[in-house]
Amino acid sequence: MNPLVPDFILEQDAEGQYAGALDAAVLHVSLPAVVDLAEQMIAHQAIDPGALRTLFDPLFEAVHQSGGFVAAFPPGGGFTALFPDRPGRNVTRLARSAALAIRRSLLEFAARRALGAVGAQVPFRIGLAWGPVHWTIVRIDRDRAYFLLYGPAIEACQATYRGVDDSELHLDRSFRERLPAAGARESIPEIDEADLPGDPSSPTAASGAMTAAVEAFLPPGAGELAPEGELREVTTVSLSFDRGASPTELIQQLHEISAMYGATFAGMTATDRGFGAQFYFGAPVAHESDHDRALDFALELKSNGLGVPRLAIGITRARCLVGFFGGEGRREFACLGRAVHLAAQIARKAAPSSIWADERAHLAGEASHQWSTENIFRFDGFDLPILVYSLERRRIAVQEEFYDLGPIGREAELEKLTRALEPLFAGRTVGVVHIVGEAGIGKSYLVHSYRHKRAELMDMRPLLWIEARCDQTLRTPLYAFEFALKEYLGISSEIGQHEKQAGLDLALQLLLERLSDGSIEARARIDRARGALGRLLRLRKDEATSAEAEREEALAALSALLVAESSLQPVVVHLDDAQWADPTSIEAVRAITAACRDLPLAVICTARPGPDGAAASIPLDAGIPSQVIELAPLPRERLLALAEPFFGGPLPTMLESLIGQTAGGNPFFAQEILAYWLEDGRYGSSPDGVRSSRFMPPRTVNSLLVARLERLEPRTRQTVIAAAVLGREFDTRVLARMIPDASVLVDHLRFGEAQRIWSRMGEHRFEFCTVLIRDAAYGMLPQELAERHHRLAAEAIEAVYGDDIEDQRPALDSHRSLAG
């Protein structure tokens, strides 16, 4: 007897018989204790296959002694056994005898292990039925095959105890009619124990190497698992569907689709309602994107329909026990755990043509896919109701794809910026280049496009680029250049004072080594700048000096640093969001450009126009060049050209009108209108059938961003708002202390990255991709709640930074001030 595949199946396969039917008694045991045992091992991270064998061995022995074989293992725990009809034998009596022996073994096991108690928690249910059973073998190729046992008797057996909560034997009418008259009664005490078989020798499991015939029925990679099993993070996709196409065609379809997405297809099973199927992502073969693959796979199945009248899908994600489990006489590859059982339960309850998932599956896929909240349901085997989410579609990352399209409509401005910066590579100063335009018009994107273009040139001309970002909230003296200095040194607020000081010392030492021996004055100025640069980074606080003297020292130190660097290669300082620059940072631009008037240095200032619509100018010393590049609204046809790739052709009429008129030539506004459209459940990326006049997005960029944020799952939205309180960039360790449940933060951060709400700067630091998103999120807070969040932020900063609080002094003071 082979323990991995029933001998009956192997015999038919060897004879080339791939379909047929037989009459049989069917025994189905529902055994939640299997799931409970697996869950205990998962919780303790200690695998004990012996515990499952101790449970299963006497049960399988009872089946084999009565002439039956174990056919299948349902995901909820338990097994289905068949007793084929044989001339001269009453197999219903033998099946009932096996059921009695199984019941007795389970009651003894329950007493020993306290798995259940009568009247409290019922540990098992047993059903018996008689009738025709069909079988099919599907040979995909030489190395892959599936088998399925199904039919009226299996469905009837599983339906005998539907809704029943006890450990009695439940017999269907056909089974009772075939029993000897004296044993046709259902009550256990009235069944004669003499019906139990004697002690014939039970078949032994085959030993030795696995044959090719057996291996073909096992999932690829299953043989490489540890013999005792493994713990794996698994996404389970469970199907429930009515009879439709032939089982052979269904299995072939499911194999092909699952192979496309890298799923482990564990085969189909018969249920009391039709068929079920289990797919595992993450076991036995794992991929980095298993969960996204699983969600895309489910959407593909929904779209395909499989030609069945009713198809419903359940998805869960959790740590599972993976391996070959069962007893000595019969075992099967499986993923065990409550989540696997729950996936099957969700699929049974889900509405037709729907994809429902538990919370972990939803959170893990929130960044990549669109969801809606379905409802709270109770499921068999779970004490508490469970919140279920509905998977709608894959998210289209409009912001990311817009970014990848290139500077459509800005070719002339990009060429102008390129010409403006060209003197750098001839060793001449550029002075200041102002890039001016309204919010969302594409100022930062134009600068990004230039940097990307420079990187693609590969002309071996070096260029040092330093980001100096202004902040609407933290407008402390020289904040932009404090940010720039950290960028230049490659240090962050995540490291301690000692590491920051070491980083500064090393950078200055390397700079001195790069300077020529003749650069005596430059070397002296760098040495003198050490103290001022340390104070700018809040690494030291010397004897009290006047604010004026400290400011002058800081300006001289920054100038010395940039003079030294621009004497070695061209330097670009990007002063981003310069409309929020503090007065001292503006003065620093004047000082730096004056000091580098004969060196290849450029300061790019991206800024919104002032209240009068004019570009803000920075006062420069005489002879320092200055020019302005204004970004006007894009023509209508340019905006439509940005949107058309998402539809593969012309846009829907209504969307074309909205982008052409409402966006006002602003590419960011157009992008957000498009994202709002594509995320609306009534529409999509098809130009057909989307004429509804109900689609009316908000009429301003900020209100549209707020509307999109309102669509987020509430806890995700709370995280985004809390991050916005911290500013354009934020520390995730601080953020974790501000939200109610820090355990979901990793999933929320992943979601924000995928949707270009923010991007990663370091291990614990993120920044909002655009200040417009940050401002919209922050603006959603009422005054009283905003004050509370700032108070939480101040407390969290103090708790996270402790002795290194000086580095966070400006942020801490700002939050305390705004806390009221």
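In this predicted model, S759 is placed in strand β21, which covers residues 758-760. With a relative accessible area of 24%, S759 is partly exposed, because this value lies between the 20% limit for buried residues and the 50% limit for exposed ones. Leaving out residues up to four places away in sequence, S759 touches R765, F766, E767 and C769. The C-alpha atoms of S759 and E729 are 9.3 Å apart in space, while the two residues are separated by 30 positions in sequence.

The surroundings of this strand lead into the interior of the chain. As a general rule, nonpolar side chains in soluble globular proteins tend to be buried together. The largest nonpolar core here comprises 65 residues, and I659, F730, W758 and F768 have the most contacts inside it. Helix α22 (residues 667-678) gives the most to this core, contributing eight residues. Beyond its neighbours within four places in sequence, F768 is in contact with a set of residues that includes V720, A723, A724, F730, I757, W758 and I773, and also the arginines R728 and R774. Another core, of 62 residues, lies apart from the one just described; V26, C157, F241 and F281 are among its members.

These cores belong to a chain of 820 residues, of which 56% are buried. The chain contains 29 helices and 22 strands. Of the contacts between residues at least 6 apart in sequence, 74% join residues at least 24 apart. The exposed area of the chain is about 34500 Å², and carbon and sulfur atoms supply 50% of it.

Among the strands, five form an open sheet with parallel pairing, in the order β16-β17-β18-β15-β19. Its edges are β16 (464-469) and β19 (626-630), each of which pairs on one side only. On average, and with direction ignored, neighbouring strands of the sheet are turned by 20° against each other. Five bridges join β15 (residues 431-436) to β19 in the parallel sense, and V433 has Q627 of β19 as its bridge partner. Helix α13 (residues 411-421) packs on this sheet, where it touches β15, β18 (601-607) and β19; the direction of α13 makes about 165° with that of β19.

Charged side chains supply a further set of links. Side chains of opposite charge can pair when their charged atoms come close. The model has 39 salt bridges. One of them joins R125 and D380, with an N to O distance of 3.4 Å. R125 is in strand β4 (residues 125-141) and D380 is in the loop between β13 (369-377) and β14 (386-394), so this pair ties together parts that are 255 residues apart in sequence. R125 is buried at a relative accessible area of 15%, whereas D380 is partly exposed at 41%.

A second salt bridge, between R348 and D272, has an N to O distance of 3.2 Å. This pair links distant parts of the chain, 76 residues apart: R348 belongs to helix α10 (residues 338-349), and D272 to the loop between β8 (264-271) and β9 (274-281). Here R348 is partly exposed, with a relative accessible area of 26%, and D272 is buried, with 13%.

R733 and D731 form another salt bridge, their closest N and O atoms being 2.8 Å apart. R733 is partly exposed at 27% relative accessibility, while D731 is buried at 3%. Finally, E359, E713, R715 and D741 are linked in a network of salt bridges.

Key
Residues numbered from 1 in each chain as written. Predicted model: local features only at pLDDT ≥ 70, side-chain atom pairs only at ≥ 80, totals over all residues. Heavy atoms only, no water. Helix = DSSP H or I, 4+ residues; strand = E, 2+ residues; numbered from the N terminus. Buried < 20%, exposed > 50% of the residue type's maximum accessible area, 1.4 Å probe, protein only. Contact = heavy atoms within 4.5 Å. Areas by Shrake-Rupley, 256 points an atom, 1.4 Å probe, with all protein chains shown as cover. Pairing = 2+ DSSP bridges. Axes fitted to C-alpha atoms, helices over the stretch in contact; angles between N-to-C directions. Core = buried A, V, L, I, M, F, W, Y, C linked by side-chain atoms within 4.5 Å. Salt bridge = Lys/Arg side-chain N within 4 Å of Asp/Glu carboxyl O.
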